Amino acid sequence: MNDTHLPSEGLGSTRPSRRTVLRALAYTGAGAAFGTSLIGCSAGSGGTGAADVAKGPGPGGYALDLGGYQGPVPRTSQMTLRVLRADTSPPVNDWYAKAFAAFHAAFPNIKIAEERVPFGSLQQKVQVYIQSGDAPDIMMGRTDLTAYYGAGKLAVPLGPYLTADFVRKQRASVVDGASVNGDLLVMPWEDGIPMVVFNLDLFAKAKVDPPAELTPRQVTSGWTVDDFLATLGRLKEGLARSGDQSLFALEASTLGNGGPGSNYGGFEGHFIRMMGDPQAAKTSDEYRTWAAVDEAGRKASGYLDSNGAIQGMRNYQKLFQDGLTPKGAVPKQFAGGQAAMGWEAIALINRYTGSPADKLKFEWGATVVPRGTTFFGCNQAEAPFVWTGSKNQAEAVALLAFLCNDKNRVGYHTVRGSVPARDDIIPSLPVYAGKAQQLGLAAAKHFVGAPKTAGWSDYSTAANSAIRNIALGADVATTLHETATKVDGLLKKYR
Amino acid sequence: MTAKTARGGRRRREAITAGLMLAPAFIGVVLFQYLPLADVLSTSLRRVDPFTRAPVGGPSLTNYSEILADPDFRRALLNTALYIAITICLEIPVALILAITVNQRLPGSRALRAAVIAAMAASETVGALVWSQMYESAFGILNSTLAALHLPQQPFLTSEHQALAAITVMSVWRGVGLPMLIFLGGLQLIPQEVYEAAKVDGVGPLRTLLQITVPLLKPSLVVAAFMSMLSGARIFTPISVMTDGGPNGSTGNLIYYSYQQAFSFQAFGPAAAAAVVMLLLLVVLSVAQARILRSE
């Protein structure tokens with residue numbers, strides 16, 4: 001049997017062994033991987049730097065109203081601009097489609113290929129695209145990640161392409177959030193204003209007085225976090241007396257993926273940051289509580305686990321320990337009339353006000369978010385940027401500028417419901433005449449923002465996980481100390 | 001032209017034809033199996049730029065030493081072993097019972113078979129979302145049932161001690177169909193005469209199961225156990241959808257750890273190192289399985 005010669009053996013001694021083939025495959029793979037990584041290295045380094053931007057005719061000088069654009073006239077060669085953004089409601093998708101069609105009609109050589117992904121997957125998709133070395137020209141980013149885009153040189157500085165007047169029109173806090181070292185890296189797109197909404201019918205049912213009505217001038221003297229927690233406690237008792245066990249004092253967070261620890265930037269982080277103070281001495285606990293990370297953006301120990309942060313998270317934990325809000329994600333509790341209060345973005349409040357489909361079936365009101373040592377607001381909003389690896393940077397900025405011209409901004413915020421990044425178009429949006437909206441806009445002028453770090457994505461992911469554990473009963477101080485140490489390790493790679 | 005030369009020419013042509021026919025599969029295997037594997041191995045031995053994924057510095061074992069020092073990794077490794085153990089312990093007996101029930105063609109067995117196969121065919125994400133709602137602490141059907149029976153409600157997904165088991169149960173619900181089909185095939189190969197002889201000898205149902213069915217199903221059992229082991233090691237979607245690896249890392253496994261390192265923390269080196277450890281674990285388990293099969 002062993003002497004039988006198979007046909008393939010005719011190849012004699014030149015026949016490679018299985019081991020040789022596997023080794024060759026491994027080398028081939030390693031070689032290809034090396035090649036791939038070289039491609040990865042080179043990607044992103046091309047394109048036009050800010051210094052190379054040639055000035056064009058400026059506003060009014062192009063085939064279309066490109067708003068505050070003052071860069072070179074879009075080239076006439078055939079090109080496709082790839083755009084990545086989160087999927088939105090049909091009216092907003094329709095707004096994008098019409099705007100892209102208008103741009104293409106004015107510049108027929110420029111096609112626009114849009115890719116939409118679910119909101120929750122967007123930032124991950126952006127990162128994966130960048131790391132692949134073949135990212136879309138325009139990607140929807142976030143203002144709280146601007147430092148990340150800056151540190152990795154991922155976003156084209158927009159300033160040289162835009163007029164100073166255009167930048168001046170944007171809300172200063174948004175421009176600050178969209179810039180790193182004075183370079184505007186993401187286009188001011190919209191603002192994030194959190195508010196507390198309350199169901200007056202459920203307040204009446206629980207026999208609890210609703211939050212005091214505030215005028216825009218009184219926004220900084222609204223309720224404190226202690227008032228907020230006390231009101232929730234009274235609501236819980238009152239609702240329990242009503243006998244309906246399905247009612248909650250505060251709805252489960254609707255931000256991010258929902259539930260505790262789903263959106264540090266938009267909700268849970270407020271409980272920490274509001275206990276700090278940016279005006280305090282930089283060595284003080286108050287300053288470190290507010291800052292969340294050291295000035296270089298590389299160390300969370302002593303910041304994320306400061307005394308103020310621990311107190312803030314104890315307040316947050318009370319929401320769950322006392323049964324004031326569910327421990328898991330429950331969608332639309334407030335809108336469904338199952339929770340007496342909600343902590344929501346003003347965009348949602350605008351929909352309650354302006355969209356017949358979202359109209360609430362009960363009496364409701366809105367007030368400012370509670371304050372601690374300071375009146376902390378959200379520093380997280382969607383904002384598109386142009387990838388540094390794009391071969392069509394000027395055209396990509398021109399498209400963004402077109403989307404940001406006056407007419408398009410009014411159209412966008414009308415269908416989207418979000419807060420404009422500039423005050424001058426607010427009068428064109430009727431929804432902002434509402435009492436709640438006026439209050440929100442006034443609060444935004446007083447909100448304290450937060451410093452940025454390149455590692456913010458890592459930071460907030462680790463913090464969200466810790467917050468979820470705290471909500472479920474983990475010891476606050478121990479969890480924050482451990483998480484701060486973990487974040488220190490995660491931030492090392494940005495050195 | 002000699003006969004030897006003609007034979008040589010034919011062999012060369014055959015070799016070329018064979019090579020051309022094998023080329024698509026070979027290229028596919030290289031592109032989609034070996035190239036990613038080589039990339040992961042190479043990445044696991046380097047520091048990687050968090051922005052561009054470009055390698056930084058020379059090869060080293062730093063990523064491996066970092067993950068071994070990380071308590072989250074050690075917990076994920078332990079959890080992976082727990083997932084495998086619980087999956088096998090739950091899935092195999094349940095699949096066997098289901099297969100025997102379906103094989104006996106009792107009333108309702110067709111509906112049972114359809115239900116099991118439907119669970120297997122359902123989207124894993126949808127299944128995880130449905131089970132999340134069932135486990136929900138305030139309104140979930142399981143806790144509502146417990147409350148109706150005056151039993152204490154359970155924090156299925158929010159307790160460190162219950163969440164891993166809760167996820168495994170969901171995973172077994174979805175995955176039990178495959179081992180059931182394997183057992184069903186095995187059961188149909190057992191000659192009816194064996195059961196008839198046992199009946200004549202007065203052997204009871206339990207002894208029939210333990211001393212006839214199970215021993216004769218041993219080859220199917222080994223294959224099913226192997227499949228269960230793999231599915232237990234590869235649980236990902238339910239973890240991502242139902243608990244995000246929490247509470248306190250009690251449900252995160254090696255795959256989830258690797259995913260988090262890569263896509264949440266941009267730490268591609270440690271992510272690749274964890275993937276290599278996972279690969280080695282699966283290789284060890286596969287080799288063990290192959291040895292058992294060979295002994296069969």
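This is a short tour of two sheets, a helix pair and a chain-to-chain contact in a predicted model.

**Stop 1: a four-strand sheet in chain A**

Start by selecting strands 2, 1, 3 and 11 of chain A, which line up in that order as an open sheet with mixed pairing. Look at the two ends: strand 2 (110-117) and strand 11 (382-386) of chain A are the edge strands, each with a single partner, so one side of each has no neighbour in the sheet. From one strand to the next, the twist averages 30°.

Now zoom in on strand 3 (residues 138-142) and strand 11 of chain A, an antiparallel pair joined by five bridges. To find your place along this pair, pick A:Met139 and look across to its bridge partner in strand 11 of chain A, A:Phe385. Then add helix 3 (residues 122-132) of chain A, which packs on the sheet and touches strand 1 (79-86), strand 2, strand 3 and strand 11 of chain A. The direction of helix 3 makes about 130° with that of strand 3 of chain A.

**Stop 2: another sheet in chain A**

Next, select strands 8, 9, 7 and 10 of chain A, an open sheet of four strands in that order, again with mixed pairing. Here the edges belong to strand 8 (248-250) and strand 10 (364-367) of chain A; each has a single partner strand, so one side of each lacks a neighbour in the sheet. The twist in this sheet averages 25° from strand to strand.

Strand 8 and strand 9 (residues 339-345) of chain A run parallel and share two bridges, and A:Leu250 has A:Met341 of strand 9 as its bridge partner. Bring in helix 12 (residues 346-354) of chain A, packed on the sheet against strand 7 (194-199), strand 9 and strand 10 of chain A, with its direction at about 115° to that of strand 9.

**Stop 3: a helix pair**

Move along chain A to helix 16 (residues 456-471) and helix 17 (residues 476-491), whose axes come within 10 Å and cross at roughly 160°. That angle makes the two helices of chain A roughly antiparallel. Show side chains to see the contact, including A:Tyr459, A:Ala463 and A:Ile470 from helix 16 and A:Leu480, A:Val487 and A:Leu490 from helix 17. By class, the contact between these helices has nine nonpolar, two polar and one charged residues.

**Stop 4: where chain B meets chain A**

Finally, display both chains: 32 residues of chain B and 39 residues of chain A make the contact. About 3000 Å² is buried between them, 64% of it from carbon and sulfur atoms. On chain B, select B:Phe51, B:Phe139 and B:Phe265, which lose the most area to chain A and together give 24% of what that side buries.

Definitions and conventions
Residues numbered from 1 in each chain as written. Chains lettered and ligands numbered in written order. Predicted model: local features only at pLDDT ≥ 70, side-chain atom pairs only at ≥ 80, totals over all residues. Heavy atoms only, no water. Axes fitted to C-alpha atoms, helices over the stretch in contact; angles between N-to-C directions. Parallel < 35°, antiparallel > 145°, perpendicular 65-115°, else oblique. Contact = heavy atoms within 4.5 Å. Nonpolar A, V, L, I, M, F, W, Y, C, P; charged D, E, K, R; others polar. Pairing = 2+ DSSP bridges. Buried area = accessible area lost by both parts, 1.4 Å probe.
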